[in-house]
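Open the model in your viewer and keep the sequence panel beside it. Start with the whole chain in cartoon view, then follow the stops below.

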Amino acid sequence: MIIAVMGLSSCQHDDDVVFVAQPDPEGVAFTSTFSDNYTLTQSTSGNLAERFVWNEVDFGAPTTVTYELQGSASQDFSSFDVIGTTSETNLGVKVSQMMSLAEDAGLDNDPNTENPNTGTIYFRVKAYAGNDGGNSLNATSEVASLTVTLPEEGEQEMPKTNLFLVGDATAAGWDPNNNNTPLFRDAENENMYYFTGYFAAGYYKFVETTNWAPMYGYDGSTLVYRATESDPDPASIEVVTAGYYSLALNTDDLTFSMDSYDASGATTYTTIGIIGTATPGGWDADTDMTQSTFDPHIWFMNDAELVEGEMKFRAENDWAVNWGTDSAESGQAAQDGANIPVMPGTYDIWFNDLDGRYILIPQVTE
């Protein structure tokens, strides 16, 4: 009886614990570093335009915190669109969503109208306790003003995002500016990237440029985005056993997979080059690529000057093994496939003979 009474007393004591939610004195604010201008085109409407990142809010109680990203054509948010809600501290915004706000702001890309094609759209994030957007316990960030351009015909489109491997499991080591091997961007979905190749035992991450941010790490279930170098450094991806692996990742929904790949039956070529009207040798002579000393199935060529035309990849300076497809800049080429269309420019070119994937990365020239 004594034990039962003590147990009842203990339960009653636990039930008396009350958490009082209260506003977070720090509030909520964007931590993203925004671009000076966002170029929005219909051809890139499915791309990720920006990943908005903000600080975590604590209302002082064990309750879910929901974040609502809002976009508006007016700075006072007299009307706005809910871009999305999440329990995470970041959310991606597609080009199409920015285009919709730009049109609401009176912008267009028609040179025959008086409407401007450059202007400002606005974003803010609202944090609230629980899942009820009408909850009085909430916080709203200051407004972020973003300049956007709907280019008129002939104007340059927004450059595509590239991802590069960095880490001691990769060819470049822990140096983001060491001719880092890129991932191969999907031709149809520009938020999707692939890579099949050799990894040493160790760790790696993904960077977008030769700097340490923007960067993607991994928390064991999803990719973790780092917008600036002042943001927390995400965890690396571990390679326990050296060998060949196949990666797939989506920067829109932050999904990621890494699976073992059997390369034991793959041919190791002596030479692979580019050939075609866009290349220095035309259809008469290959321009040889450099074979990676880290992975013999990865080939590259830096600062290649190409003219408008077509090209293919081929092995051993012969047509017996050649790769092509009808996708410009990036894609997956196949044996005896179509010629690859090329726009004039200076490129870093990468090719993977395991799966035929390639990417042409435009270089900025003076």
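The tour moves from the whole chain to its sheets, a hairpin, some unusual backbone spots and one buried side chain.

**Stop 1: the whole chain**

Keep in mind that this is a predicted model. Colour by secondary structure. The protein holds two helices and 28 strands. Turn the C-alpha trace along its principal axes; the spans are about 90 × 70 × 30 Å. Of the 366 residues, 49% count as buried.

How much of the contact map comes from residues 24 or more positions apart? Such pairs make up 64% of the contacts with a separation of 6 or more. Now show the surface. The accessible area is about 18,100 Å², and carbon and sulfur atoms account for 46% of that area.

Colour by charge next. There are 11 positive and 56 negative charges in the protein. The mean positions of the two sets are 2 Å apart.

**Stop 2: the cores**

Select Phe199, Tyr204, Phe206 and Phe256. They belong to the largest nonpolar core, which has 33 residues, and they touch the most other members. A second, separate core has 32 residues, including Tyr67, Ala127, Ala139 and Val148. Show both groups as spheres in two colours.

**Stop 3: a sheet of four strands**

Select β10, β11, β16 and β17. These strands form an open sheet in the order β10-β11-β16-β17, with antiparallel pairing. The edges are β10 (184-185) and β17, each of which pairs on one side only.

Zoom in on β10 and β11 (residues 192-199). Two bridges link them in the antiparallel sense. Which residue of β11 stands opposite Phe184? The answer is Tyr194.

**Stop 4: the loop after β16**

Stay here and select Leu254. This residue sits in the loop between β16 (243-250) and β17 (255-260). Leu254 is not a glycine, yet its phi is positive, at about 60°. Is Leu254 buried or exposed? Its relative accessibility is 10%, so Leu254 counts as buried.

**Stop 5: β12, β13 and β14**

Select residues 202-226. Look first at the loop between β12 (202-207) and β13 (215-218), where Pro214 lies. The peptide bond joining Ala213 and Pro214 is cis, with omega at about 0°.

Strands β12 and β13 run antiparallel and are joined by two bridges. Phe206, already met in the largest nonpolar core, has Tyr216 as its bridge partner in β13.

Now show the side of β13 that each residue faces. In a regular strand, side chains alternate between the two faces of the sheet. Met215 and Gly217 point one way from β13, and Tyr216 and Tyr218 point the other way. All of these residues are buried.

Move on to the partner on β13's other listed pairing, β14 (residues 223-226). Four bridges join β13 and β14, again antiparallel. Tyr218 stands opposite Leu223 in β14. Four residues lie between the strands of this hairpin, and Gly220 there has a positive phi near 100°.

**Stop 6: a sheet of five strands**

Select β20, β21, β27, β28 and β24. They make an open sheet in the order β20-β21-β27-β28-β24, with antiparallel pairing. The edge strands are β20 (290-291) and β24 (330-332), and each pairs on one side only.

Go to β27 (residues 345-352) and β28 (residues 357-362). Five bridges hold this antiparallel pair together. Tyr347 faces Pro362 in β28 as its opposite number.

**Stop 7: Met311 and Glu316**

Select Met311 in strand β22 (residues 309-315). Its relative accessibility is 0%, so Met311 counts as buried. What surrounds Met311 beyond its neighbours within four places in sequence? The contacts are Ile274, Ile275, Gly276, Thr279, Leu306, Asn339, Ile340, Val342 and Leu360. Show them as sticks. Then draw a C-alpha to C-alpha distance from Met311 to Thr325: the two are 14 residues apart in sequence and 9.5 Å apart in space.

Finish at Glu316, in the loop between β22 and β23 (322-324). Glu316 has a positive phi of about 55° although it is not a glycine. At 36% relative accessibility, Glu316 counts as partly exposed.

Key: Residues are numbered from 1 along each chain as its sequence is written. This is a predicted model: local features need pLDDT of at least 70, side-chain atom pairs count only at pLDDT 80 or more; totals for chains, interfaces and linings use all residues. Side-chain values use heavy atoms; hydrogens and water are left out. Buried means under 20% relative accessible area, exposed over 50%, partly exposed in between (1.4 Å probe, protein chains only). Contact means heavy atoms within 4.5 Å. Accessible areas come from the Shrake-Rupley method with a 1.4 Å probe; for residues, only the protein chains shown count as cover. Lys and Arg count as positive and Asp and Glu as negative; His and the chain ends are not counted. The place of a charge is taken as NZ of Lys, CZ of Arg, CG of Asp or CD of Glu. Two strands pair if DSSP finds at least two bridges between them. A nonpolar core is a set of buried Ala, Val, Leu, Ile, Met, Phe, Trp, Tyr and Cys residues joined through side-chain atoms within 4.5 Å.
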